[in-house]
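Thanks for coming, everyone. I would like to walk through one model this morning, and I suggest keeping the sequence and the structure open while I talk.

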Amino acid sequence: MNIEYPRAGSLTQELADAIEQDFSDFEKALYSYDYDTHDYGYQNWIDVDSFVDYFILNEFTQNYDAGYLSTYISKDIRGKYQMIVWDFNNACDNFYETTMDIQGFQMQDMPWQWMLTKDEDYDQRIIDRYHMWRETFLNDDYLVDYIDDVIAYLGDAVARNFEVWGYSFTEYRPLNPDSRNPSTYEEAVKQLKKFIYERGAWMDYNIEAVKQYGHPSFNKRYNH
């Protein structure tokens, strides 16, 4: 863990020690046998909806760097820990090593989420908020319209950008197999929209399966 703020020039040893202790207390609560209790559990340390939304957004986009790499967490002095949505270069089937299977969940295996999803209430919150977001900002039509609106806003900047960086479509082809690499801007947009439709459809049909991660039979050694 690195402390990004306060910056080094303003970070005293006393404050660094306090941050370290506070973060340690949060993780001790999360990884304890009391992790889901009212008096001692994780909810006393975190903004639960923030962690739930983090799960949903990164699962919807299959951004599985989240939780391992480029992971940021913030906390107001008198507030609770909140997750920061960040770094989507490998999301939406843009992971260079292999084609991402449109099916399945993986966020439940990430640090912190591994314990949080053991709580049935947390899993139900994921399901409920997923359905809520699918009616608004994660709706297929909303997302596709947003993409089209951004393209319209960019206007001829798209062509000017291609004049400078267009060679990257032929010289820089990092995705395996090579057929996954788009050859034009339009093709890249089409791939993104296709991913949104297919991933959303799969999650709509399977989101209730998140309950399995908090089922008592799945977590016998964590039960009280």
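**Loops, helices and rings**

Let me begin with D87, which is found in the loop between β2 and α3. What we have here is a predicted model, and in it the phi of D87 is near 70°, a positive value in a residue other than glycine. D87 counts as partly exposed because its relative accessible area is 24%, which falls between the limits of 20% and 50%.

A second residue with this kind of backbone angle is Q62, which lies in the loop between α2 and β1 and has a positive phi of about 50° although it is not a glycine. Is Q62 buried or exposed? Q62 is buried, with a relative accessible area of 1%. While we are on the backbone, please also look at the segment before α1, where P6 is found, and where the peptide bond from Y5 to P6 is cis, with omega near 0°.

Q62 follows helix α2, so to speak of that helix next seems natural. Helix α2 has 13 residues and reaches 18 Å from its first C-alpha to its last, close to the 18 Å expected at 1.5 Å a residue. The helix is mostly covered, with 11 of its 13 residues buried, and among the buried ones are F51, Y54, F55 and F60, together with polar or charged residues including S50, D53, N58 and E59. As for its neighbours, the buried residues of α2 pack against β1, β2, α3, α4, α5 and α8.

One of those partners, α4, deserves a similar description. Helix α4 runs over residues 120-134, which gives it 15 residues, and it reaches 21 Å from its first C-alpha to its last, close to the 21 Å expected at 1.5 Å a residue. At the start of α4, a side-chain oxygen of D119 comes to within 3.1 Å of the backbone nitrogen of D121. The buried residues of this helix are Y122, D123, I126, I127, R129, Y130 and R134, and they pack against α2, α3, α5 and α8.

If you select Y122 on your screens, you will find that, leaving aside residues up to four places away in sequence, Y122 touches Y42, V48, F51, V52, F55, Q113, L116 and T117.

That leads to the core. In soluble globular proteins, nonpolar side chains tend to be buried together. The largest nonpolar core in this model has 38 residues, of which Y42, I46, F51, Y122, I126 and I207 touch the most other members. The elements that give two or more residues to this core are α1, α2, α3, α4, α5 and α8, and α2 gives the most, with seven residues.

Now to the aromatic rings, where the count comes to 13 aromatic pairs. In one of them, F23 and F26 are edge-to-face, at 5.6 Å centre to centre and with 70° between the planes. Why are F23 and F26 separated by about one helical turn? The reason is that they are three residues apart in helix α1, which covers residues 13-30. Both F23 and F26 are buried.

F23 has another partner, Y81: the ring centres are 5.7 Å apart and the planes stand at 90°, so this pair is edge-to-face as well. Since F23 lies in helix α1 and Y81 in the loop between β1 and β2, the pair ties together parts that are 58 residues apart in sequence. F23 counts as buried at 13% relative accessibility, and Y81 counts as buried at 5%. Taken further, F23, F26, F51, Y81 and W112 form one aromatic cluster, and F51 is also among the core residues that touch the most other members.

Two lysines should be mentioned beside these rings. The charged end of K75 sits over the ring of Y81, 5.7 Å from its centre, while K118 lies over the face of W114, at 4.1 Å from the ring centre.

I will finish with V150, which lies in helix α5 and, at 32% relative accessibility, counts as partly exposed. V150 and D65 are 85 residues apart in sequence and 25 Å apart in space, C-alpha to C-alpha.

Note on methods
Residues numbered from 1 in each chain as written. Predicted model: local features only at pLDDT ≥ 70, side-chain atom pairs only at ≥ 80, totals over all residues. Heavy atoms only, no water. Helix = DSSP H or I, 4+ residues; strand = E, 2+ residues; numbered from the N terminus. Expected span 1.5 Å × (residues − 1). Buried < 20%, exposed > 50% of the residue type's maximum accessible area, 1.4 Å probe, protein only. Contact = heavy atoms within 4.5 Å. Polar contact = N/O pair within 3.5 Å; in protein donor to acceptor, adjacent residues only side chain to side chain. Phe/Tyr/Trp six-rings, centres within 6.5 Å; stacked < 30°, edge-to-face > 60°. Lys NZ or Arg CZ within 6 Å of the ring centre and 35° of its normal. Core = buried A, V, L, I, M, F, W, Y, C linked by side-chain atoms within 4.5 Å.
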